[in-house]
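Here are my notes on the model, for use alongside the sequence and coordinates. Please read them as numbered points, one topic to each.

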Amino acid sequence: MFILTKNKNALKVLEVYQAAFKTTTFNFGEIYSYSFLDYSLYWFSARPQDQLLIYNNGCIIGKKSFEDSYSNLPIESNENMPEHTSSLLQNSRLIIKENQLFIEPNEVTGLYYDAEGSVSDFSILLAKLNHVLPDTKLLQLLTAVGYFPGNLTLFNSIKRIPYLYGRNVTTREMVQISGFKFKKSDETKMVERLQEVIPQSENQSLAMSGGLDSRFVLGVLLKQKIRPTLKSLKDKENPIVEELNKTLQLDYEKIEGEKEKAYHYTLMTDGRIYFRGGNYSRLYDKVEPNEILHTGLSILPMNENSFASAWKKPGSIKTIYNDLIHYALLPRMPKNGFAEFQEPVNKHYMQEFLEKELAYGKEYLQFKTRKQWALWFYHLNRGLTWTFAHLQDTSFYVYPVFILGDKKAAEWGITSSAYSNFNKERLRRINQKLFPKLPIDYSEGRPFRSKPLIKDHVGRIYNEYFKKLISRFRQLKSDQKQTTQTSWFDGIELTEAKNFSKFYKHSFSELMENERESLRLRRTAVTLNNVLLFLEA
């Protein structure tokens with residue numbers, strides 16, 4: 001965890017963050033500072049991925065290799081930093097070049113910058129450093145979506161460094177590091193690339209469900225002779241995982257851990273996802289700092305049709321981005337906004353705001369179909385944002401790795417035809433190749449084997465255009481009526497932050513005790529109050 005800045009108050013900000021966890025078992029490392037030109041880097045180790053490697057020409061913030069042992073001490077070297085590290089590592093390179101300072105996040109690494117020129121891996125650290133309050137418009141976006149799409153955060157003046165870009169810290173300009181190539185779909189090359197980047201360290205595990213995605217990841221791991229420990233939270237899908245494990249004879253742990261306290265969860269997830277947006281940290285007592293945790297969650301959706309409700313709608317390829325914002329991000333936002341806020345933002349205003357803020361995604365390259373644009377949109381506005389935030393709390397206990405985020409593998413998979421992915425048939429067929437002798441069905445009654453030709457095609461059309469349409473309408477209708485069970489908010493500290501009333505018409509305690517209020521609004525209120533308490537600390 002770090003802040004790169006000219007502001008000497010950064011040390012105090014990190015001390016306040018550490019103090020927030022003084023009642024936990026976390027053993028945060030000492031805070032260190034290093035000078036790079038006219039900037040200072042303040043760093044401490046909070047998570048297994050937090051390492052600091054000092055070189056002649058800069059430093060690597062994070063591990064340079066999956067084989068590196070966890071350490072909360074900086075490591076200094078008299079050499080220049082290596083030019084390349086694994087695409088799956090969550091690290092950043094701080095480089096001194098021609099008397100200028102550059103920071104380059106690795107492919108799947110999220111970094112944030114502010115209006116004052118500082119950079120950090122946590123947006124709330126920059127907010128506290130600059131005494132910045134959340135923006136009510138962005139707070140209402142969080143209520144509608146549940147996380148922040150694109151490069152947005154809870155703060156108007158703090159944004160994420162765009163995908164495949166670095167930042168010239170000296171001139172405060174973005175610098176493109178690499179691009180995304182348009183390739184013809186090739187499943188064989190996609191799988192081969194994933195095998196190539198799989199970490200080879202010994203202690204690896206897989207958060208296993210009964211679905212097709214985690215089965216695919218398991219297949220790729222086994223193909224590389226990696227035998228992960230299977231771990232699953234107590235769930236109705238456990239019997240499927242147990243049957244898999246019985247056949248494959250892997251180590252298996254079924255877990256029923258406690259959820260993080262609300263305040264800690266918000267700080268661990270950087271306020272980038274609303275309360276209870278993820279729960280993988282329930283694995284906390286069954287993982288180790290030097291362990292790698294795989295999941296079936298996609299950063300780049302190389303094996304599926306994402307945000308289909310938007311691209312299935314008849315329309316021009318020129319309107320696909322606006323359609324995706326309307327149908328994929330804002331379907332749950334009321335026309336006149338959320339009435340509980342002091343200054344409600346209507347849906348039309350939010351649509352226009354997002355069209356402007358997310359337009360950068362159209363500058364990378366031009367895709368050929370609405371479906372391909374939808375997958376790219378998913379990557380920039382959900383994969384790199386929600387997926388990471390969903391596992392951010394878990395990263396304090398173990399090193400999460402997303403093999404379904406490798407750029408080169410995705411270049412072979414993202415251009416697959418929409419029809420091939422209907423009913424997840426393409427992934428089903430890939431899994432059949434990975435597990436030719438293990439015909440165990442998936443959850444929700446989905447068969448492992450493909451259906452006969454005619455039934456297969458009829459089933460694809462039925463599932464994609466009738467079953468999912470009905471399911472979507474039911475879900476949206478349910479969301480509009482959804483209120484909350486008391487147990488969701490049991491144990492939440494009701495101390496209200498000083499600035500909470502600037503955002504909501506009712507007090508924090510009134511919102512928490514009103515079970516008739518919407519689930520989304522109450523979850524966002526928890527996140528906001530906790531962020532404000534941290535900023536006021």
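The points below cover a sheet, two nonpolar cores and one helix pair.

1. Status of the model. The structure is a predicted model, and the points that follow should be read with that in mind.

2. Sheet order. An open sheet is built from 6 strands, arranged as E2-E3-E1-E10-E9-E11, with antiparallel pairing. Its edges are E2 (32-36) and E11 (158-160); each has a single partner strand, so one side of each has no neighbour in the sheet.

3. Strand E1 and its neighbours. Strand E1 spans residues 2-5. On one flank, E1 pairs with E3 (residues 39-43) through 4 bridges in the antiparallel sense, and Phe-2 stands opposite Trp-43 of E3. E1 is also joined to E10 (residues 119-120) by 2 bridges, again antiparallel; here Leu-4 has Val-119 as its bridge partner.

4. Side chains of E1. Phe-2 and Leu-4 point one way from the strand, while Ile-3 and Thr-5 point the other way. Are these residues buried or exposed? All four, Phe-2, Ile-3, Leu-4 and Thr-5, are buried.

5. The E9-E11 end of the sheet. E9 (residues 112-114) and E11 are antiparallel and share 3 bridges. Within this pair, Asp-114 is opposite Ile-158 of E11.

6. Largest nonpolar core. This core contains 156 residues. The residues with the most contacts inside it are Tyr-17, Phe-180, Phe-216, Leu-354, Trp-376, Phe-396 and Tyr-504. Helix H11 (residues 370-392) supplies the largest share of the core, with 12 residues.

7. Another core. Apart from the largest core lies one of 19 residues, including Leu-4, Phe-36, Trp-43 and Val-119. Of these, Leu-4 and Val-119 are the bridge partners already described between E1 and E10.

8. Surroundings of Tyr-504. Leaving aside residues up to four places away in sequence, Tyr-504 touches Leu-139, Glu-340, Phe-341, Gln-342, Leu-511, Leu-521, Thr-524, Ala-525 and Leu-528.

9. Helix pair H3 and H10. How do these two helices pack, and at what angle? H3 (residues 136-145) and H10 (residues 347-357) pack at about 100°, with axes 11 Å apart. The angle makes H3 roughly perpendicular to H10, because values of 65 to 115 degrees fall in that class.

10. Residues at the H3-H10 contact. H3 contributes Lys-137, Leu-138, Gln-140 and Leu-141, which meet Tyr-349, Met-350, Phe-353 and Leu-354 of H10. By type, the contact residues comprise 6 nonpolar, 1 polar and 1 charged. Leu-354 also appears among the residues with the most contacts inside the largest nonpolar core.

Conventions: Residues are numbered from 1 along each chain as its sequence is written. This is a predicted model: local features need pLDDT of at least 70, side-chain atom pairs count only at pLDDT 80 or more; totals for chains, interfaces and linings use all residues. Side-chain values use heavy atoms; hydrogens and water are left out. Axes are lines fitted to C-alpha atoms, for helices over the stretch in contact, and angles run from 0 to 180 degrees between N-to-C directions. Angles under 35 degrees count as roughly parallel, over 145 as roughly antiparallel, 65 to 115 as roughly perpendicular and the rest as oblique. Contact means heavy atoms within 4.5 Å. Ala, Val, Leu, Ile, Met, Phe, Trp, Tyr, Cys and Pro count as nonpolar, Asp, Glu, Lys and Arg as charged, and the others, Gly among them, as polar. A nonpolar core is a set of buried Ala, Val, Leu, Ile, Met, Phe, Trp, Tyr and Cys residues joined through side-chain atoms within 4.5 Å. Buried means under 20% relative accessible area, exposed over 50%, partly exposed in between (1.4 Å probe, protein chains only). Two strands pair if DSSP finds at least two bridges between them.
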